[in-house]
Amino acid sequence: MTTFKQPDDAQHKIECTINELDEITSELDAEKSVAHAKGYISALRYSQLIEHKHFKPMDEALDKALRDWHSKHDKP
């Protein structure tokens, strides 16, 4: 398990997760991917390795990416 100790490393993880969502076709896999990334940043926030000012935008970016994924993949 990789530990991210800097906000830049955590941001890179979030950006990679968001980019990988484009290749995911399963709702479960998309949810897992975002949950995994959220777990990383939550652990960093809890351990005080990143500040709230870094955590909140990352968390919101993941939420938006998942909403966008659902918009693309949900059938009317």
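Helix H3 offers a good way into this predicted model, beginning with its outward side: the face of H3 turned away from its buried side carries the exposed residues Lys53, Arg67, Ser71 and Lys72. The buried residues of H3 are Phe55, Met58, Asp59, Leu62, Ala65, Leu66, Trp69 and His70. These buried residues cover an arc of only 135° around the axis, which puts them on the same side of H3. Their cover includes H1 and H2. As for length, the 22 residues of H3 should span 32 Å at 1.5 Å a residue, and the end C-alpha atoms of H3 are 31 Å apart, which agrees.

One member of the buried side of H3 invites a closer look. Asp59 lies in helix H3 and has a relative accessible area of 17%, so Asp59 falls under the 20% limit for a buried residue. Which side chain does the side chain of Asp59 meet in a polar contact? The partner is the side chain of Lys38, at 2.5 Å. Leaving aside neighbours within four places in sequence, Asp59 is in contact with Lys38 and Ile41. Both of these partners also appear among the buried residues of H2.

Helix H2 comes next. H2 has 20 residues and reaches 28 Å from its first C-alpha to its last, close to the 28 Å expected at 1.5 Å a residue. The buried residues of H2 are Ala30, Ser33, Val34, Ala37, Lys38, Tyr40, Ile41 and Leu44. They cover an arc of only 150° around the axis, which puts them on the same side of H2. These buried residues pack against H1 and H3, while the face of H2 turned away from its buried side carries the exposed residues Leu28 and Tyr46.

Two serines add detail to H2. Ser26 caps the N-terminal end of H2, with a side-chain oxygen 3.3 Å from the backbone nitrogen of Leu28. Ser33, for its part, lies in helix H2 and is buried, with a relative accessible area of 16%. Apart from neighbours within four places in sequence, Ser33 is in contact with Thr17, Leu21 and Ile24. Of these partners, Thr17 and Leu21 are listed among the buried residues of H1.

The loop between H2 and H3 brings together two residues with contrasting surroundings. Gln48 is found in this loop and, at 68% relative accessibility, counts as exposed because the limit is over 50%. What is the phi of Gln48? Gln48 has a positive phi of about 60° although it is not a glycine, and Gln48 takes this value just after H2. For context, most residues other than glycine have a negative phi.

Ile50 is found in the loop between H2 and H3 as well, yet Ile50 is buried, with a relative accessible area of 2%. Not counting residues up to four places away in sequence, Ile50 touches Gln6, Pro7, Ile41, Leu44, Arg45 and Phe55. Among these partners, Ile41 and Leu44 are buried residues of H2, and Phe55 is a buried residue of H3. The C-alpha atoms of Ile50 and Asp8 are separated by 9.6 Å, although the two residues are 42 residues apart along the chain.

That link leads to helix H1. At 1.5 Å a residue, the 15 residues of H1 (residues 7-21) should span 21 Å, and its end C-alpha atoms are 21 Å apart, which agrees. The buried residues of H1 are Ala10, Lys13, Ile14, Thr17 and Leu21. Seen down the axis of H1, these buried residues fall within an arc of 95°, so they line one face of the helix. Their cover includes helix H2 (27-46) and helix H3 (52-73). The face of H1 turned away from its buried side carries the exposed residues Asp8 and Asn19.

With each helix described, the whole protein can be viewed at once. The secondary structure comes to 3 helices and 0 strands, following the pattern α-α-α along the sequence. The radius of gyration is 13 Å, close to the 11 Å that the globule rule gives for 76 residues, so the protein is as compact as a globular protein of that length. Along its principal axes, the C-alpha trace spans about 40 × 25 × 15 Å. Of the 76 residues, 32% count as buried. Among contacts with a separation of 6 or more, 64% are accounted for by residues 24 or more positions apart. The accessible surface comes to about 5400 Å², of which 50% belongs to carbon and sulfur atoms.

Note on methods: Residues numbered from 1 in each chain as written. Predicted model: local features only at pLDDT ≥ 70, side-chain atom pairs only at ≥ 80, totals over all residues. Heavy atoms only, no water. Helix = DSSP H or I, 4+ residues; strand = E, 2+ residues; numbered from the N terminus. Expected span 1.5 Å × (residues − 1). Buried < 20%, exposed > 50% of the residue type's maximum accessible area, 1.4 Å probe, protein only. Arc of directions from axis to C-beta. Contact = heavy atoms within 4.5 Å. Rg over C-alpha atoms; globule rule 2.2 N^0.38 Å. Areas by Shrake-Rupley, 256 points an atom, 1.4 Å probe, with all protein chains shown as cover. Polar contact = N/O pair within 3.5 Å; in protein donor to acceptor, adjacent residues only side chain to side chain.
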